[in-house]
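Please follow the structure shown here with the explanation that comes after it. The account turns to pockets, then to cysteines, and ends with a single threonine.

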Amino acid sequence: MKKNFILLFTLFVSMAVCFADIYIDESKKPCSLTKENITYTADMKVFGDADYFFGIIKVQSEKEPKYIYNVPIYAIKLNEHLEGDVQWLFISKIEFKDKQTITITDGENHIFELNINTFEVKCINTKNNLFKFVYPGEKYECISGNVNKLYEKKLKETVTRNKEYKYTGTQPEVKKLTKPDDVIKVAEQALFEIYGKDNIRDEQPYRISKYKNKWIIQGSLAKDYKGGVFEIVINADTSRIESVIHGK
């Protein structure tokens, strides 16, 4: 079991592919592709309650305004009676299929495709992108469920907590917000007016999440810096700013 885990981890930190106008950034392990100032990196996340492991593609801008947006690709329902890390299943390879699609392969050769314009995930050789680890047998079994809904459950608290901090400033033009770059423009316009451009830009990279039809944008603190960051919630369907808060 441990040998298999070490092998998966080795694959996770070593594989990379290079294509035409897309180059591999060797400084960003494990798997990383860059196209048009956006880097796509294989990553993972286990939330505090440790009930699910998520295979993630981290979408990160390489120029200002810098941001990070995590897209869940698949999840493993963890067995509470087994060690968590022996059930983890890492992404082993990512490559561009075409100009708008990344093909993602995990350590068990499950294949997924990510549309980098819509961030929709498609299962290629599995019925679903949610699995459970089966022991004995040391295999991953596909199960029913929705990975996005599981991931979004972790964000509900932020949206609920911030409802009372309603935004009373000028609302942007009504339109759908489908890309992080457009979301950032709406967020910065409001945040600069309230807190000042320099103060907000100091909180880069912005951390972007999506809960149902709501974008959540949060600032980041520099290492060893104490204080709060901004949190802003924007409706993805209408671009209306629903709440703004800044911690102390």
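In this predicted model, helix H4 gives six residues to the lining of the second largest pocket, the largest share of that lining. The pocket itself has a volume of about 420 Å³. It is lined by 22 residues, and those closest to its centre are Glu36, Ile38, Tyr40, Tyr67 and Asp181. Besides helix H4 (180–195), the elements that contribute two or more residues to this lining are strand E2 (38–46) and strand E3 (52–61). In terms of residue class, the lining of the second largest pocket comprises ten charged, nine nonpolar and three polar residues.

The largest pocket has a volume of about 530 Å³. Its lining consists of 20 residues, of which Tyr69, Phe119, Asn148, Glu152 and Lys210 are the closest to the centre. Two or more lining residues come from each of strand E4 (67–77), helix H2 (147–152) and strand E11 (206–211). The class division for the largest pocket is nine nonpolar, seven polar and four charged residues.

The cysteines may be considered next. How many disulfides does the count come to? The count is zero. Cys123 illustrates this point: the nearest cysteine sulfur, that of Cys142, lies 7.1 Å away, and Cys123 is in no disulfide. A disulfide requires the two sulfur atoms to be within 2.5 Å, so the distance of 7.1 Å does not qualify. As for solvent exposure, Cys123 is partly exposed, because its relative accessible area is 25% and partly exposed residues fall between the limits of 20% and 50%. Is Cys31 buried or exposed? Cys31 has a relative accessible area of 1%, and is therefore buried, the limit for burial being under 20%.

The last residue to examine is Thr158, which is located in helix H3, a helix that covers residues 156–161. Thr158 has a relative accessible area of 11% and is therefore buried. Which residues is Thr158 in contact with, once its neighbours within four places in sequence are left aside? The contacts of Thr158 are then with Ile216, Gln218 and Glu231.

Note on methods: Residues numbered from 1 in each chain as written. Predicted model: local features only at pLDDT ≥ 70, side-chain atom pairs only at ≥ 80, totals over all residues. Heavy atoms only, no water. Helix = DSSP H or I, 4+ residues; strand = E, 2+ residues; numbered from the N terminus. Buried < 20%, exposed > 50% of the residue type's maximum accessible area, 1.4 Å probe, protein only. Contact = heavy atoms within 4.5 Å. 1 Å grid on protein atoms, 1.4 Å probe; cavity = no way out; pocket = protein on both sides within 12 Å on 5 of 7 lines; lining within 4 Å. Points joined across faces, edges and corners; volume = space filled by probe spheres on them. Nonpolar A, V, L, I, M, F, W, Y, C, P; charged D, E, K, R; others polar.
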